[in-house]
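Trainee: I have a model open in my viewer, and I would like to learn how to read its packing. Could you walk me through it?

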Amino acid sequence: MKKKILIFSVILLMLSFTACQSKTKASNQNSGVISENNRNVEQLNEAIEVILNDATADFIGNYPISDDFFYWVASNYGDDVIFEIVKAGDVSDPEIWFAKTNNSIHVLWYEYCKSTGIGAYDYSHIHEIETDQSYVTFDFSGDVNLAEGAATTLFMDEQPNGISDCFSDDLKREMENADVLVLNNEFTYTDRGEPIPNKAFTFRTSPSRVSSMQQLGCDLVTLANNHVWDYGEIGLQDTLDTLNNVGLPYVGAGKNLTEACRAQYYIANGRKIAIVNATQIERSYSYTRQATDDTAGVLKTLDPALFCQVISDADKHSDFVIACVHWGTEGDKSYGKDQVLLANAFVESGADAIIGGHTHCLQAVEFIGDVPVYYSLGNYWFATTANMPADYDTGLAHIEIYRNLTVTCKFIPCMFSKAKTSMVSEEHGARIFAELNALSQSVRISNDGILMKKGE
C-alpha cells in the first residue's frame, strides 16, 4: 500500500514539474511576442516621427495630420506602408500615398475623417462615384435656358416626354453615361421678384421645372453667369433653395461669399476632383451682384484675384481642378486677350482644365502647357424669346481622368435645330472640327473628337 502511495506521489510530482516547465516555456514565448510587439510599435513611432518632422505641406495634403492619422493608415493598409514611405526617403511627393494604398492623400484624409468622426470636416460637398473603369468621365455643356415663354420651353411643354424629347437618343445616352454631367443654369428658378430694370433679357422659370434638369441626368449646375440674378437677390435665393430642395449641387453662387466660393468635390478611383465656377460677365454693367459675407450673389472674376485663390485652395485639397468660367464677347467666335490673360492666371493658380461659356457660339480649344482650355461651348439648349432660334452648332466637353492622373479630352459635336439638340453625322462633325481647328493655334481635334497638340 505504501509502495502504491509512493508511486502515485512520484507521478504527481512529475506531472507538476512538466506543467511548470510548460508554463515557463509559454511565459517565455509570450514575453517574446510582447517584446516583438513593443519593437514594432517603437519602430512605427520612430517612422511616424520621421515623416511628421520632414514632410512637406504638399505631402500631407495641407491637412492637420497627426500621429493618429498614421496609426489609422497602418491599421487599414499595414505598417509596411509607413515603413516604405520612410525607406523611400522622399516625403515631398504625395504620389507615394497612391502608389502604396491606391488612394491619394486627399482621399485618405477624407476616409480617415469619415471613419473617425472628426467634426471639422465638411462632407456636404463631396460626392463618391463608383466606377468599374480605370477612369472617371465628366461632360460639360454650354448654356441651358428653361425660361418661361422661351421658344425651347414652349416646345418642351408640347412634348409627351418633356425635355427628354428635346435631345436625340444617342446624346441622351452620352449624358446618362457620364459619371458627372455639368450643365450651365442660365436662368433663375423663382415665381417672385421683379426683373432687373433696363436689362434687355431676363430669364426665370417656375421652381417646379428643376425636374427637367433631373430628367436629363444633371449632376451639377454652374450658376456664375449673367442671368441667375435677373430677378434680384430674392430670385437667386429661390434658385438656391430650389436646387437644395432636390439635392442638385451647384457652384459659382451662394447665400454668401463663402458658399459662392465653395468647390464641389468628386471621389473616384482613389482620386479627388474639384469643380469651381466664376463669371467675368458683366464687364461693363453691374446687373449681376457678387456675393458678400452676408448677402447672396455670384462669384466674379473680372478681377481674377479671388477666383485664383479659390482655384489655389481647391488645388491644395484635390488631385485635379476643373475651373468653369463665364467670359468672352457674345457672338464672337474668336476668344479675346482678356480670356487668354484670365486662362493663364487660372492655370498658374492650379487649374488642370478650363471650361468656358457665355458667347452663345463655339470658340476654339487651346492648350496652355498641358491644360485644355475650352474657350466657349456656346449654347447647348437655349432660346431668348418666343421665336425659335436658327440652327446652331454646339457640343459637349468630355474629360476622362485616369487613376494615374493622365487625361483624355474630347469634344463631342452636336447641333441645335428646331428646339432639339442632337449628335451630328460624321460629315457634319468633321465640319465642326475643321472650323475649330482653324480657330485654334495649339489644338488639333482628331476625327474622333480627341484633343491633340498640333504637330503631334
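Trainee: Let's start with helices. At what angle do helix α2 and helix α3 pack?

Mentor: In general, two packed helices are described by the angle between their axes and the distance between the axes. Keep in mind that this is a predicted model. Here α2 (residues 67-77) and α3 (residues 79-88) pack at about 120°, and their axes are 6 Å apart. That angle makes α2 oblique to α3, because values from 65 to 115 degrees would count as roughly perpendicular and those over 145 as roughly antiparallel.

Trainee: Which residues make the contact?

Mentor: From α2 come F70, V73, A74 and Y77, while α3 contributes D79, V81 and I82. Sorted by class, the contact of α2 with α3 has six nonpolar residues, one charged residue and no polar ones.

Trainee: Now the rings, please. How many aromatic pairs are there?

Mentor: Two rings are paired if their centres lie within 6.5 Å, and the angle between the planes then gives the type. By that rule the count is 28 aromatic pairs. Take F187 and Y189: their centres are 4.9 Å apart with 75° between the planes, an edge-to-face pair. Both F187 and Y189 are buried.

Mentor: Now turn to Y392 and F416, a stacked pair with 4.5 Å centre to centre and 5° between the planes. Y392 belongs to strand β17 (residues 392-402) and F416 to strand β18 (residues 407-417), so the pair ties together parts 24 residues apart in sequence.

Trainee: Are Y392 and F416 buried or exposed?

Mentor: Y392 has 14% relative accessibility and counts as buried. F416 is buried too, at 0%.

Trainee: Which residues do ring pairs link into a cluster?

Mentor: The cluster holds F59, Y63, F69, F70, W72, Y77, W97, W109 and Y112. You have met F70 and Y77 already, on the α2 side of the helix contact.

Trainee: And where do charges sit over rings?

Mentor: Look for a Lys or Arg whose charged end lies over the face of a ring. The charged end of R271 is over the ring of F98, 3.9 Å from its centre. K272 lies over the face of Y265, 4.3 Å from the ring centre.

Trainee: One last case: what is T153 in contact with, beyond its neighbours within four places in sequence?

Mentor: T153 is part of helix α6 (residues 151-158). With 1% relative accessibility, T153 counts as buried. Those neighbours aside, T153 is in contact with N145, L146, A147, R209 and W381.

Conventions
Residues numbered from 1 in each chain as written. Predicted model: local features only at pLDDT ≥ 70, side-chain atom pairs only at ≥ 80, totals over all residues. Heavy atoms only, no water. Axes fitted to C-alpha atoms, helices over the stretch in contact; angles between N-to-C directions. Helix = DSSP H or I, 4+ residues; strand = E, 2+ residues; numbered from the N terminus. Parallel < 35°, antiparallel > 145°, perpendicular 65-115°, else oblique. Contact = heavy atoms within 4.5 Å. Nonpolar A, V, L, I, M, F, W, Y, C, P; charged D, E, K, R; others polar. Phe/Tyr/Trp six-rings, centres within 6.5 Å; stacked < 30°, edge-to-face > 60°. Buried < 20%, exposed > 50% of the residue type's maximum accessible area, 1.4 Å probe, protein only. Lys NZ or Arg CZ within 6 Å of the ring centre and 35° of its normal.
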